[in-house]
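Hi everyone, and thanks for coming. Please have a look at the structure on the screen while I talk you through it.

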Amino acid sequence: MPSKKPTRQSARDAAATSVLAANRAAARKIAVAESCTGGMVCAALTDIAGSSDVFSAGFITYSGAAKQAQLAVSSEILETFGEVSLATAWAMVTGALANSDADVAVAITGIAGPGGGSEKKPVGQVVFARALRGQDPDDYFTQRVQFEGGDRAGIRHAATLFALDLLQPERDALRPSEDIALPA
């Protein structure tokens with residue numbers, strides 16, 4: 001009998017369970033600021049019973065106005081770089097830390113499609129930021145990822161798994177990175 005391919009749900013649950021266990025062992029709280037994933041990372045974490053001792057806060061800031069109001073992303077950043085940019089993700093993660101008691105935070109902003117993309121910012125482009133409380137803001141991890149070959153659901157799922165992985169304590173040494181492409 002062929003082995004059963006893991007479902008998106010089981011992959012998401014496994015990643016969230018691992019993140020919660022690792023951060024619980026490190027006595028850390030986590031926060032998430034989401035745009036294109038629309039709360040999928042927060043849902044993955046809170047679907048796991050007992051997550052409240054690790055998960056501090058989630059911000060679903062789909063619009064530019066929400067990014068400004070909830071995370072203090074400046075209008076200058078949004079006007080200059082756009083909502084899907086390294087600067088916006090950096091500002092989102094900064095706001096997530098400032099507005100929570102989390103020790104580590106991740107931000108996600110991107111274009112899940114099927115529309116909304118452009119030549120410079122195609123569908124599937126997702127930008128991540130990761131920050132630790134007390135870390136020099138110049139050292140926050142930021143990365144632009146082009147998720148290729150996926151539909152809206154696939155891109156959002158891949159972005160959710162990528163964000164969950166960034167919350168692992170073993171990722172603490174990450175620093176700003178080059179753009180990469182991954183399958184959705």
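I'll begin with the whole chain, then go to one strand, and finish with a few single residues.

One thing to keep in mind from the start: this is a predicted model. The protein chain holds 6 helices and 6 strands. If you follow the sequence from start to end, they come in the pattern α-β-α-β-α-α-α-β-β-β-α-β. The radius of gyration is 16 Å, close to the 16 Å that the globule rule gives for 184 residues, so the chain is as compact as a globular protein of that length. As for its extent, the C-alpha trace spans about 50 × 40 × 25 Å along its principal axes.

How much of the chain is buried? Buried residues account for 47% of the 184 residues. The surface that the chain exposes comes to about 8,500 Å², and carbon and sulfur atoms supply 55% of that area. Now for contacts: if we take those between residues at least 6 apart in sequence, 68% of them join residues at least 24 apart. On the charge side, there are 17 positive and 20 negative side chains, and the centres of these two sets lie 6 Å apart.

Now please find strand 4, which covers residues 125-132. Why can we call strand 4 largely enclosed by the rest of the structure? Because 8 of its 8 residues are buried, and buried here means under 20% relative accessible area. Q125, V127, A129 and A131 point one way from the strand, while V126, F128, R130 and L132 point the other way. Residues on both sides are buried, R130 among them.

Strand 4 also has partners. Strand 3, residues 104-110, runs antiparallel to strand 4 and is joined to it by 7 bridges. One pair to look for there is T109 with its bridge partner V127. Strand 5, residues 141-148, is antiparallel to strand 4 as well, and 6 bridges join the two. Here you can see V126 standing opposite V145.

Let's move on to two buried residues elsewhere. T160 sits in helix 6, residues 152-166, and has a relative accessible area of 0%. Which residues does T160 touch, leaving aside its neighbours within four places in sequence? They are R12, T37, M40 and V41.

The other one is S51, in the loop between helix 2 and strand 2. S51 is buried too, with a relative accessible area of 7%. Beyond its neighbours within four places in sequence, S51 is in contact with L20, R24, L45 and T46. S51 and A16 are 35 residues apart in sequence, yet their C-alpha atoms are 9.3 Å apart in space.

Last, a word on the backbone. Most residues other than glycine have a negative phi, and most peptide bonds are trans. With that in mind, look at A27, where phi is positive at about 55°. A27 lies in the loop between helix 1 and strand 1 and is exposed, with a relative accessible area of 68%. A72 has a positive phi as well, near 60°. You'll find A72 in the loop between helix 3 and helix 4, and it is exposed at 63% relative accessible area. Finally, the peptide bond joining G113 and P114 is cis, with omega about 5°; P114 belongs to the loop between strand 3 and strand 4.

That's my tour, so thank you for listening!

How values were computed: Residues are numbered from 1 along each chain as its sequence is written. This is a predicted model: local features need pLDDT of at least 70, side-chain atom pairs count only at pLDDT 80 or more; totals for chains, interfaces and linings use all residues. Side-chain values use heavy atoms; hydrogens and water are left out. Buried means under 20% relative accessible area, exposed over 50%, partly exposed in between (1.4 Å probe, protein chains only). Helices (H or I, at least four residues) and strands (E, at least two) are DSSP runs, numbered from the N terminus. Two strands pair if DSSP finds at least two bridges between them. The radius of gyration is taken over C-alpha atoms; the globule rule is 2.2 Å times the number of residues to the power 0.38. Contact means heavy atoms within 4.5 Å. Accessible areas come from the Shrake-Rupley method with a 1.4 Å probe; for residues, only the protein chains shown count as cover. Lys and Arg count as positive and Asp and Glu as negative; His and the chain ends are not counted. The place of a charge is taken as NZ of Lys, CZ of Arg, CG of Asp or CD of Glu.
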